[in-house]
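Me: I have a structure to read and some words to check. Can we go through them with short questions and short replies?

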Amino acid sequence: MVRETQLDAGQLIYPLFLLEDDRANNPILSLPGQAQLGLQDVLSEIETSLQLGITGFVLFPAVDSKHKTKNASYSYDPENFYTRAIRAIKQRFPECSLMSDVAMDPYSSDGHDGFVDDHGKIDNDKTLPILANMALAQADAGIDILGPSDMMDGRVGYLRQELDAAGYTETSIMSYTAKYASAFYGPFRDALDSAPKGGDKKTYQMDPANRKEALREAMLDEEEGADILMVKPALCYLDIISDLRSYSHLPVAAYNVSGEYAMVKAAAAKGWINETAAMEEMLLSIRRAGADIILTYFAKDYARLKK
Ligand code: PBG
């Protein structure tokens, strides 16, 4: 009765890794319990999750290196395996909320979220039209929520304008508002083979030392038309989640990222911590800090626990 914080499976978003090969199912070693899946297995994962009360999913493409180019043109091919999967998922499960990833890195031969110029620098403004083309292809395929994870400046406003102009007024944007240049993305980059080929992501992702900058980013995203603000990673950034929750009236999401999940799994496998208790404490702390929505690889485990 006096418990202050509740977390329901309906507030979780489950990240899924999609492979082009329809029948594939390749376990990801650094993310125990998660796998790169072909469309058939993605559909059955969604079915199981819906039965557990999870309604939100985010889809990440593991792109074959033959499709990776400097300008990531495969990302906006209207018939690529990612947009085909979006169509198939929304047709079979219209009730789910499906979120995409909008960033160049899975499709880029440079492994960066933005366009890399001849001097090895990220060209912010040359990236925006590429992201818009990607977003339009995903919107056309029926995505519910676009997830720009790229961190280019001005991309939320740019995407909103292009979407509205093309008639996709109902496609929402969950902005990766405060995405930090974090060491906790390691297992995810293994899963997608998307680590940068040169340099790092510190010119576009945020400095972990900065707190006020997250509020500046939130202000810009609100003005530019974001529907949901996100903080990523979650655990080292509970203060940021709390700041955004009190600053904004938009829903706030937090991404409990791959490294945070892998740490619990690895320590539990050694018998050093209790996995279930650690998972529950972790997710509850993110919710307590102010997140309305949590993206987590623990989604099914948590939902099963609460069932
Ligand atoms: C990149 C992207 C990353 C994640 C989601 N989208 C990694 C990165 O910025 O290199 C990380 C998610 C996770 O670690 O679980 N567009």
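Me: Leaving aside neighbours within four places in sequence, which residues is threonine 83 in contact with?

Reply: This is a predicted model, so keep that in mind throughout. Threonine 83 is in contact with Asp77, Pro78, Ala137, Gln138 and Ala141, leaving aside neighbours within four places in sequence. Contact means heavy atoms within 4.5 Å. Threonine 83 is found in helix α2, residues 81-92.

Me: Why is threonine 83 called buried?

Reply: Buried means under 20% relative accessible area. Threonine 83 has 1% relative accessibility, so it counts as buried.

Me: What makes the pair of threonine 83 and proline 78 a polar contact?

Reply: The cut-off for a pair of N or O atoms is 3.5 Å. A polar atom of the side chain of threonine 83 lies 2.9 Å from the backbone oxygen of proline 78. That distance is within the limit, so the pair qualifies.

Me: How many residues along the chain lie between the positions of threonine 83 and alanine 141, and what separates their C-alpha atoms?

Reply: They are 58 residues apart along the chain. Their C-alpha atoms are separated by 5.7 Å.

Me: Now a charged residue. Is arginine 155 buried or exposed, and how do you know?

Reply: Arginine 155 has a relative accessible area of 3%. The limit for buried is under 20%, so arginine 155 is buried. Its place is in helix α4, residues 155-165.

Me: What does arginine 155 touch?

Reply: Not counting residues up to four places away in sequence, arginine 155 touches Leu128, Leu131, Pro148, Asp150, Ser175, Tyr176, Asp221 and Glu224. With tyrosine 176 there is a polar pair too: a polar atom of the arginine 155 side chain lies 3.1 Å from the backbone oxygen of tyrosine 176.

Me: Why is lysine 300 called buried?

Reply: Lysine 300 has 13% relative accessibility. Buried means under 20%, so lysine 300 counts as buried. Lysine 300 is found in helix α10, residues 299-306. Leaving aside neighbours within four places in sequence, lysine 300 is in contact with Tyr14, Glu45, Ser49, Leu52 and Ile54.

Me: On to strands. Why is strand β1 called largely enclosed?

Reply: Strand β1 covers residues 12-19, and 8 of the 8 residues are buried, so the rest of the structure largely encloses it. Look at both sides. Leu12, Tyr14, Leu16 and Leu18 point one way, while Ile13, Pro15, Phe17 and Leu19 point the other way, and all are buried.

Me: What makes β1 and β4 a pair?

Reply: Two strands pair if there are at least two bridges between them. β1 and β4 (residues 56-62) have 7 bridges, in the parallel sense. So they qualify as a pair. Phenylalanine 17 stands opposite phenylalanine 60 in β4.

Me: How do you know that β1 also pairs with β3?

Reply: The requirement is at least two bridges. β1 and β3 (residues 35-37) have 2 bridges, in the parallel sense. That meets the requirement, so they pair. Leucine 18 stands opposite leucine 37 in β3.

Me: Why is β11 said to be largely enclosed?

Reply: Strand β11 runs over residues 252-256, and 5 of the 5 residues are buried, so it is largely enclosed by the rest of the structure. Val252, Ala254 and Asn256 are on one side, Ala253 and Tyr255 on the other, and all are buried. β11 pairs with strand β10 (residues 228-232) in the parallel sense over 3 bridges.

Me: How is the packing of α7 and α9 described?

Reply: By an angle and a distance. Helices α7 (residues 238-247) and α9 (residues 275-289) pack at about 35°, and their axes are 8 Å apart. Leu238, Ile241 and Ser242 in α7 meet Ser285, Ile286 and Ala289 in α9. These residues divide into 4 nonpolar, 2 polar and no charged.

Me: Last one. What makes tyrosine 297 a polar partner of the ligand?

Reply: A polar side-chain atom of tyrosine 297 lies 2.6 Å from an oxygen atom of the ligand. The cut-off is 3.5 Å, so this counts as a polar contact. Tyrosine 297 is also among the residues that come nearest to the ligand.

Technical notes:
Residues are numbered from 1 along each chain as its sequence is written. This is a predicted model: local features need pLDDT of at least 70, side-chain atom pairs count only at pLDDT 80 or more; totals for chains, interfaces and linings use all residues. Side-chain values use heavy atoms; hydrogens and water are left out. Buried means under 20% relative accessible area, exposed over 50%, partly exposed in between (1.4 Å probe, protein chains only). Helices (H or I, at least four residues) and strands (E, at least two) are DSSP runs, numbered from the N terminus. Axes are lines fitted to C-alpha atoms, for helices over the stretch in contact, and angles run from 0 to 180 degrees between N-to-C directions. Ala, Val, Leu, Ile, Met, Phe, Trp, Tyr, Cys and Pro count as nonpolar, Asp, Glu, Lys and Arg as charged, and the others, Gly among them, as polar. A residue is near a molecule or strand if one of its heavy atoms lies within 4 Å of it. A polar contact is a pair of N or O atoms within 3.5 Å; within protein, one must be able to donate a hydrogen and the other to accept it, and residues adjacent in sequence count only if both atoms are side-chain atoms.
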